[in-house]
There are 2 protein chains.
Amino acid sequence: MLLYDVGNTNIKCYDDGEITIVDDFDEKRDFYYISVNPKIEDFKNGIDLAPYFKFKTDYKGMGIDRVSACYSIYDGVIVDVGSAITVDVMSNGEHLGGFILPGIGAYKESFATISSALIFDIDNNLNLKKLPQNTNEALNFAIFKSIYLMIKEVSDAKKIYFCGGDALMVSRFFKESEYKKDLVFDGMKKVIKRIKETAC
Amino acid sequence: MLLYDVGNTNIKCYDDGEITIVDDFDEKRDFYYISVNPKIEDFKNGIDLAPYFKFKTDYKGMGIDRVSACYSIYDGVIVDVGSAITVDVMSNGEHLGGFILPGIGAYKESFATISSALIFDIDNNLNLKKLPQNTNEALNFAIFKSIYLMIKEVSDAKKIYFCGGDALMVSRFFKESEYKKDLVFDGMKKVIKRIKETAC
């Protein structure tokens, strides 16, 4: 099965379990796709899955990739750590809402823009319980503890599912979490399964 | 009394109670100053107060403006909401540590850089207890709740003191806080008072 998840800057391709970043679609084969990029047109061999998601939410304007990442989770918190960090809460198959923080790279860029004194390295041994005693600690602590507290605040007793390129940098602070790198494609596969079953 | 607080982008002037942003020093009068700008040279009529601060901390590389803002607070949390947000904890006249978040403008710029879909307006009626249901709520909630939780996390039962140009945007969420816009100059005045007393 060939799937594409089209973002604003790149296209993720799922080809029978293997995920790669590609420049373009393989239009010689049949495929399914979702896209948040308005420039994408219709394809002869491609089916846009967006209209087929049955997603319960009051949230207006949720990106289809974010919908898809939530779609295979019946109950839990879904955290996608990419260029932005989206955090969404699913409860009994219903989406309760969510929020958006800057991604780790965006925080770093943001500090560097404020002052060259705020250029720093990610601390892989960061202690979230110790008040920082220098600039490097102060910036790492602020970024990761604020993300941590925000996720914890909405997670209640729910399980936390991480996906996205920078997921491991954040998931390291959550013992009970699960890293599911294919969450967006999992949602797409769930929709396709339902379409096929309905067609039978 | 004429005081200057020299930042990287502007110079704040305190002239007998009146605070203004100025382009340059008034070298015809005697003045005291602090500076985080390495380009500032010595002045004939100006005294750099930096060497006179007696500030107890293990923190390395703390900007002198941040030291000065903390200097007049014996016990409390000092939050300076400017181009960055610095949060520092003082306990019995000792600085326990602190951290640095992006400023409100930096968060806004950061989101706009990630995607044009993330350009938004500050919500003056934001409810920090309600899970967001659209992009504008999602971004406001993420910024202000993460800042709120971080300050609350270190504040314990301490009083919170706010200063800086965007202070009111954050202090609105803390009922028991105090807005002290002259905190940096208060620290400078405290140092000057001690110098003069010692000289007597």
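The following exchange between a biologist and a modeller concerns a predicted model with chains A and B.

Modeller: Residues are numbered from 1 along each chain as written, and chains are lettered from A in the order in which they are written. In this predicted model, local features need pLDDT of at least 70 and side-chain atom pairs count only at pLDDT 80 or more, while totals for chains, interfaces and linings use all residues; side-chain values use heavy atoms, without hydrogens and water.

Biologist: How many helices and strands are there in chain A?

Modeller: Helices are DSSP runs of H or I with at least four residues, strands are runs of E with at least two, and both are numbered from the N terminus. The C-alpha atoms of chain A fill a box of roughly 65 × 35 × 30 Å along the principal axes. Within chain A there are five helices and eleven strands.

Biologist: What percentage of the 200 residues in chain A is buried?

Modeller: A residue is buried under 20% relative accessible area, exposed over 50% and partly exposed in between, with a 1.4 Å probe and protein chains only. In helix α5 of chain A, the buried residues include A:L183, A:F185 and A:M188. For the 200 residues of chain A, the buried share is 50%.

Biologist: How far apart are the end C-alpha atoms of helix α5 (residues 183-199) of chain A?

Modeller: The expected span of a helix is 1.5 Å times one less than its number of residues. For the 17 residues of α5 in chain A, this gives 24 Å. The distance in the model agrees with that expectation, the end C-alpha atoms being apart by 25 Å.

Biologist: Which residues does A:D88 touch, leaving out those up to four places away in sequence?

Modeller: A:D88 lies in strand β8 (residues 84-91) of chain A and is buried, because its relative accessible area is 1%. Contact means heavy atoms within 4.5 Å. By that criterion, A:D88 touches A:M62, A:R66, A:C70, A:G76, A:V77, A:I78, A:H95, A:G97 and A:G98.

Biologist: At what angle do helix α2 (residues 104-114) and helix α3 (residues 135-155) of chain A pack?

Modeller: Two packed helices are described by the angle between their axes and the distance between the axes. The axes are lines fitted to C-alpha atoms over the stretch in contact, and angles run from 0 to 180 degrees between N-to-C directions. For α2 and α3 of chain A, the axes are 11 Å apart and the angle is about 145°.

Biologist: Which residues of α3 in chain B do B:I104, B:Y107 and B:F111 of α2 meet?

Modeller: Helices α2 and α3 of chain B pack with their axes 11 Å apart. The three residues B:I104, B:Y107 and B:F111 of α2 meet, in α3, B:L139, B:I143, B:F144, B:S146 and B:I147.

Biologist: How do the residues of that contact of α2 with α3 in chain B divide into nonpolar, polar and charged?

Modeller: Ala, Val, Leu, Ile, Met, Phe, Trp, Tyr, Cys and Pro count as nonpolar, Asp, Glu, Lys and Arg as charged, and the others, Gly among them, as polar. The contact of α2 with α3 in chain B divides into seven nonpolar, one polar and no charged.

Biologist: What relation does the rotation that superposes chain B on chain A represent?

Modeller: Copies are superposed by least squares on the C-alpha atoms of residues with pLDDT of at least 70 in both. A rotation of 180° with 0.0 Å of shift along its axis superposes chain B on chain A, with an RMSD of 0.0 Å. This is the relation of a two-fold axis.

Biologist: Which C-alpha of chain B is nearest that axis?

Modeller: In chain B, the nearest C-alpha lies 2.6 Å from the axis. That atom belongs to B:S146.

Biologist: Is B:D16, which has a positive phi, buried or exposed?

Modeller: Most residues other than glycine have a negative phi. B:D16 is not a glycine, yet its phi is about 50°; its place is in the loop between β2 (11-15) and β3 (18-22) of chain B. Because its relative accessibility is 60%, B:D16 counts as exposed.

Biologist: What is the relative accessible area of B:N92?

Modeller: B:N92 also has a positive phi, of about 50°, although it is not a glycine. B:N92 lies in the loop between β8 (84-91) and β9 (94-102) of chain B. B:N92 is exposed, its relative accessible area being 52%.
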